[in-house]
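I opened my notebook on this one to see how the chain is put together. My notes follow, in the order in which I looked things up.

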Amino acid sequence: MPADYRFKCVMIGDGAVGKTALTVRFTEGRFEADYKRTIGSDFAVKRIELPDMDAGVTLQVWDLAGQPRFEFVRQSFYRGARGGVLVYDVTRRRTFMNLDSWKKEAFDALGTEIPLVIVANKVDLADSRVVPTEDGQKYADENGHLYVESSALTGENVEETFATLCRNLISQTKDSS
Ligand code: G3D
Ligand code: MG
C-alpha cells in the first residue's frame with residue numbers, strides 16, 4: 001500500500017508575485033484574472049499522488065490575504081509548516097532581491113529551517129522578463145533550495161512545484177525516521 005503523508009506548506013514572497021494565483025491554479029485547476037477576492041486567511045487542501053515514490057500526500061497550502069499585519073496572524077500562518085513555496089515575479093527584480101528577507105521571516109517565526117522551493121513565476125511574460133534563469137537557479141543552488149519556473153496563467157510547472165516540494169519533504173521524513 002502507498003505510504004500516506006500530510007504536510008502543511010506556506011506560500012511566501014512579495015505582494016502580487018502570484019502566490020494566490022499559483023494556489024488557486026494548483027488546488028482548483030483554474031486561473032482567475034481578478035484576485036480581489038483572495039482565498040481568505042487560511043488554507044486550501046489538495047491530494048497529490050506520487051507513484052514514483054509509492055506515496056500520496058494531502059497537502060495543506062496556506063496563503064495569506066494581503067500582508068500579515070499582526071504577529072499572531074503570522075505565527076499561526078507559519079505554525080507547523082513543513083515546507084515553503086517562495087515566489088518571485090520574473091518581471092520585477094525587486095521581488096527577487098527580497099527572497100532573503102522572506103526566508104528570514106519564515107525561519108525566525110518557525111525557529112527552524114524548512115525545505116523551500118524557489119519559484120520564478122510569470123514566465124509567460126517573456127518580453128518583460130528581467131530576472132534570467134541563471135540568477136534564480138544560482139540563488140537556489142547556493143542556498144540549498146529547489147528551483148522551478150512557473151506560470152499560474154498557463155499552468156506551466158504548477159503541479160511540478162508542489163510535487164517537487166512533496167518529494168523533498170517525504171525524503172526528509174524518511175531520513176529522520
Ligand atoms: P499575490 O497573491 O502574490 O499577491 P496574485 O499575487 O496571485 O494576486 O497575482 C498578482 C497579479 O499577477 C494578478 O493580476 C494575477 O492575475 C497576476 N499573475 C499571477 N500569476 C501570473 C502568471 O503566471 N502570469 C501572469 N501573466 N500573470 C500572473 P491582477 O491584474 O489581477 O492584479
Ligand atoms: Mg494573494
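**Entry 1: the sheet.** I am working with a predicted model, and I began with strand order. I find an open sheet of 6 strands, ordered S2-S3-S1-S4-S5-S6, and the pairing is mixed. Which strands stand at the edges? They are S2 (43-50) and S6 (146-150); each has a single partner strand, so one side of each is left without a neighbour in the sheet. From one strand to the next, I note an average twist of 25°.

**Entry 2: S1 and S4.** Next I looked at how S1 meets S4. Strand S1, residues 3-12, runs parallel to strand S4, residues 83-89, and 4 bridges join the two. In this pairing I found Ile12 opposite Leu86 of S4.

**Entry 3: helices on the sheet.** I then turned to what packs on the strands. Helix H1 (residues 19-28) packs on the sheet and touches S1, S2, S3 (55-62), S4, S5 (116-121) and S6. I noted its direction at about 50° to that of S2. Helix H6, residues 158-175, lies across S1, S2, S3, S4, S5 and S6, and it runs at about 120° to S1.

**Entry 4: the cores.** How many residues does the largest nonpolar core have? I get 27, and the residues with the most contacts inside this core are Val57, Leu59, Val85 and Phe162. At least two residues of this core come from each of S1, H1, S2, S3, S4, S5 and H6. H6 gives the largest share, 7 residues.

I picked Val57 for a look at its surroundings. Setting aside residues up to four places away in sequence, Val57 touches Tyr5, Phe7, Lys46, Arg47, Ile48, Leu50, Cys166 and Ile170. I also found a second core, separate from the one above, with 24 residues; among them are Trp62, Phe77, Leu116 and Val123.

**Entry 5: Thr27.** My last stop was a polar residue in helix H1, Thr27. Is Thr27 buried or exposed? Its relative accessible area is 16%, and the cut-off for buried is under 20%, so Thr27 counts as buried. Where does its side chain reach? I traced it to the backbone oxygen of Thr23, at 2.7 Å. Apart from neighbours within four places in sequence, Thr27 is in contact with Ala44, Val45, Lys46 and Val61. I was glad to meet Lys46 again here, having listed it among the residues that Val57 touches.

How values were computed: Residues numbered from 1 in each chain as written. Chains lettered and ligands numbered in written order. Predicted model: local features only at pLDDT ≥ 70, side-chain atom pairs only at ≥ 80, totals over all residues. Heavy atoms only, no water. Pairing = 2+ DSSP bridges. Helix = DSSP H or I, 4+ residues; strand = E, 2+ residues; numbered from the N terminus. Axes fitted to C-alpha atoms, helices over the stretch in contact; angles between N-to-C directions. Contact = heavy atoms within 4.5 Å. Core = buried A, V, L, I, M, F, W, Y, C linked by side-chain atoms within 4.5 Å. Buried < 20%, exposed > 50% of the residue type's maximum accessible area, 1.4 Å probe, protein only. Polar contact = N/O pair within 3.5 Å; in protein donor to acceptor, adjacent residues only side chain to side chain.
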